[in-house]
Amino acid sequence: MATPTQEARTLDSGLDSILSFCRDVAQDMEFPEVQNWLAQQPGRKAIGCFPIYCPVELIHAAGMLPVGVIGGGNEIEIAHADSRFQSFVCSIVKSTLELGLTKRIEFLDGMLFHSICDPARNLASVFARNFPKLYVDYIHFPQNLVSPLGKQYLAREYHRVLEGLSRLAGRPVTSDDLNASIALYNRIRRIQEELYTLRAASPHLISAAETFSLIRAGTLMPPERYVGLLEQVLAEVPQRPVRPKDRIRVIVEGSFCEMPPVALIEGLEEAGCYILDDDFLRGWRWFTTDVPIQDDPLEALADSYADRSYFSGVKHDLRESKSAHLIRNAHARKADAVIILAAKFCEPALFDYALYRKALDDANVPHLFLEFEEKMWIFDRARSQVETFVESMLFE
Ligand code: SF4
């Protein structure tokens, strides 16, 4: 059973207080909000969700708490996990295993992984072998999003996963349970979308680093508590007394799974960029419109995955090329440039970059490629690269 690491933190009202709270929650690898939720509700369970997209509604509808297990950032040292993986594997895979081996996520009852890449697949197997008491499942997403069979398959896959979660929770899960969870997460995603729209129009009002911590904190606390914080942030951001600065307007792409350190995001902004849009934590704000509330909620989730979800480096949608989508987004946001910010050794992101680079050159969109890893502490090199890039654009 979990023990509370601290009293559930009460918040002064006010935007700055909420943003500071979310930053603390996002960086605390003791998971205080989850630990408190578990301690206050003995018998309830928490399930870890590896990136990128996890159908959190299935977990929530079963009465359990979905928790974003998205690596350790630069908050933990890798002391044990290196011995389980090759040196050329991305950081998130190692730091997620390190969280397990150091018992930091011992409070979890299960972990869900997904078919995004070979390292993620291997990590699921390594978890199953190293933590035999943990419930581990692996969701296979369809590759063909156009065929009706792909959606039918995914609805059946969700049904299989739901049966497992229901057994673990020790209770049946009804369509009403699922629709209530879908409605709650729709509300959260809608507010997050509104915040992104607001930031794209007035990027001086809320930074990308603040938005990142705000979204990340939402993966680490009960959604019922989180939605109130989000609503307050959305109400207060437009009144913030902040003046615009002379910066270039960029789109950041390529960090859909492993997350860059928040100090790196701040460094990009301080080097002279307004980040209008990004794919940080994309899996937690996955749908472009609400998931419909209908008699068959699993079908609604499967259809939404195929037809109403954001493009991503690990979703293969042949209806629009990834590069065409990126350029269309850059034009729609009136961006001056694109920064490709990719995790070191992330093959999906690096494959995409080859396509992006040609398409951005052909479309005359200035671009910069940066690589990061979780254990980065010093960002001088990245920052000076961005400063040079910004100066070349401002003074050309
Ligand atoms: S960072 Fe890239 S390679 Fe690593 S698990 Fe995520 S998608 Fe796979």
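Modeller: Start with classes. Ala, Val, Leu, Ile, Met, Phe, Trp, Tyr, Cys and Pro count as nonpolar, Asp, Glu, Lys and Arg as charged, and the others, Gly among them, as polar. Keep in mind that this is a predicted model.

Colleague: How many nonpolar, polar and charged residues does the shell around the ligand have?

Modeller: The shell has 13 nonpolar and 2 charged residues, and no polar ones.

Colleague: Which residues come nearest to the ligand?

Modeller: A residue is near if its C-beta atom, placed from the backbone, lies within 6 Å. Here 15 residues surround the ligand, and Cys90, Cys117, Cys257, Glu258 and Cys346 come nearest. Two or more shell residues each come from helix H4 (91-101), helix H5 (118-130) and helix H13 (347-362). H13 gives the largest share, 3 residues.

Colleague: Where does the ligand lie relative to the domains?

Modeller: Check which domains give residues to the shell. Domain 1 (31-171) and domain 2 (242-394) both do, so the ligand lies between them.

Colleague: Now the sheet. What is the order of its strands?

Modeller: Read the order across the sheet. This open sheet of 4 strands runs E2-E1-E3-E4, with parallel pairing. Strand E2 (65-68) and strand E4 (135-139) are the edges, as each pairs on one side only. On average, neighbouring strands are turned by 25 degrees against each other, direction ignored.

Colleague: How many bridges join E3 to E4?

Modeller: Strand E3 (residues 110-114) is joined to E4 by 5 bridges, and the two run parallel. For one pair to locate, take glycine 110: its bridge partner in E4 is tyrosine 135.

Terms used:
Residues are numbered from 1 along each chain as its sequence is written. This is a predicted model: local features need pLDDT of at least 70, side-chain atom pairs count only at pLDDT 80 or more; totals for chains, interfaces and linings use all residues. Two strands pair if DSSP finds at least two bridges between them. Axes are lines fitted to C-alpha atoms, for helices over the stretch in contact, and angles run from 0 to 180 degrees between N-to-C directions. Domain bounds come from an automatic or database domain assignment.
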